[in-house]
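Let's take a friendly walk through this model, from its interior to its annotated sites. Here is the structure to keep at hand.

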Amino acid sequence: MAIVEINHPLVKHKLGLLREKDISTKNFRELASEVARLLTYEATADMETEAYTIQGWNGPVRVEQIKGKKVTVVPILRAGLGMMDGVLDLIPGAKVSVVGLYRDEETLQPVPYFQKFTSNMADRTALILDPMLATGGSLIACADMLKKAGCRKIKGLFLVAAPEGIEKLQATHPDIDIFVAAIDERLNENGYILPGLGDAGDKIFGTK
Ligand SMILES: O=P(O)(O)OC[C@H]1O[C@H](OP(=O)(O)OP(=O)(O)O)[C@H](O)[C@@H]1O
Ligand SMILES: O=c1cc[nH]c(=O)[nH]1
Ligand SMILES: [Mg+2]
């Protein structure tokens, strides 16, 4: 399992802005999308390419295109939708498979409520999107659903992750690679990431 914390100045700068207490919904949405774009750039670095010939301005020229497995983007509702536009900016042909999960505030257990996958999941790389990886329960539940549908290659993109959630993922799905803008310190007693971003879903949707 690869755990990649993106150590890029643009990511650090944008994450700092995202952490501001009184950030507006508009700014949070824009920055979440921008960081998602940068995470996508890193998460797709191992895509295979194949050469083909085109007619260039001065005759035939060998160029490259993405080869093989196609991508399905998997936003976890609700907050994962806040990253989707940024990812699709870079992979416009990706199919979208949606998973609805919320975390019970008392038990912190994930509660599934929606699933709609695109075709041929076994032939696609799945890119799970969620701003927050806290206890890891939601990510693990989503990965379980994807594997049940036949998925064999799964990656996860997160704005912020807690060490506790990463450890749990390593124990349950060691084959999944994750790309995060920051690995933070820890969870608080309510399962929120510290220093974290607060409730990402509420910030993206303007609720609460
Ligand atoms: O790692 P975990 O402990 O499972 O917590 C992380 C989950 O909690 C948040 O979703 P939430 O349940 O708040 O739903 P929302 O996106 O609808 O706000 C977040 O977007 C993750 O999906
Ligand atoms: O810190 C956290 C943990 C779970 N969900 C969030 O939105 N934020
Ligand atoms: Mg939420």
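Leaving aside neighbours within four places in sequence, Leu157 is in contact with Ala36, Leu39, Thr40, Ala43, Met83, Leu127, Ile128, Leu129 and Phe179; contact here means C-beta atoms, placed from the backbone, within 7 Å. This is a predicted model, where local features need pLDDT of at least 70, side-chain atom pairs count only at pLDDT 80 or more, and totals for chains, interfaces and linings use all residues. Residues are numbered from 1 along each chain as its sequence is written, while chains are lettered from A and ligands numbered from 1 in the order in which they are written.

Leu157 also belongs to the largest nonpolar core, which has 52 residues; Leu127, Ile128, Leu129, Leu157 and Val160 are those with the most contacts inside it. Such a core is a set of buried Ala, Val, Leu, Ile, Met, Phe, Trp, Tyr and Cys residues joined through C-beta atoms within 7 Å. Helix H2 (residues 25-43) supplies the largest share of this core, seven residues. Helices (H or I, at least four residues) and strands (E, at least two) are DSSP runs, numbered from the N terminus.

Now to the ligand. Which residues surround ligand 2? They are Met132, Ala134, Gly191, Tyr192, Ile193, Gly196, Asp199, Ala200 and Gly201, each with its C-beta atom, placed from the backbone, within 6 Å of the molecule. This shell divides into five nonpolar, three polar and one charged; Ala, Val, Leu, Ile, Met, Phe, Trp, Tyr, Cys and Pro count as nonpolar, Asp, Glu, Lys and Arg as charged, and the others, Gly among them, as polar.

The unreviewed UniProt entry has a "binding site" annotation whose residues include Arg78, Gly136 and Asp199. Another "binding site" annotation there covers Ile193, Gly198, Asp199 and Ala200. UniProt positions follow the numbering used here, feature names are shortened, and annotations may be inferred rather than shown by experiment.

The table sets out where four annotated residues sit. A residue is buried if 20 or more other C-beta atoms lie within 10 Å of its own, exposed if 12 or fewer, and partly exposed in between.

| Residue | Place | C-beta neighbours within 10 Å |
|---|---|---|
| Arg78 | loop between E4 (70-77) and H3 (81-90) | 17, partly exposed |
| Gly136 | loop between E9 (132-133) and H4 (137-148) | 22, buried |
| Gly198 | loop between E13 (193-194) and H6 (200-205) | 17, partly exposed |
| Ala200 | helix H6 | 25, buried |

Beyond four places in sequence, Arg78 is in contact with Gly201 and Phe205, Gly136 with Gly165, Lys168 and Leu169, and Ala200 with Ala79, Pro131 and Met132.

Technical notes: Contact = placed C-beta atoms within 7 Å.
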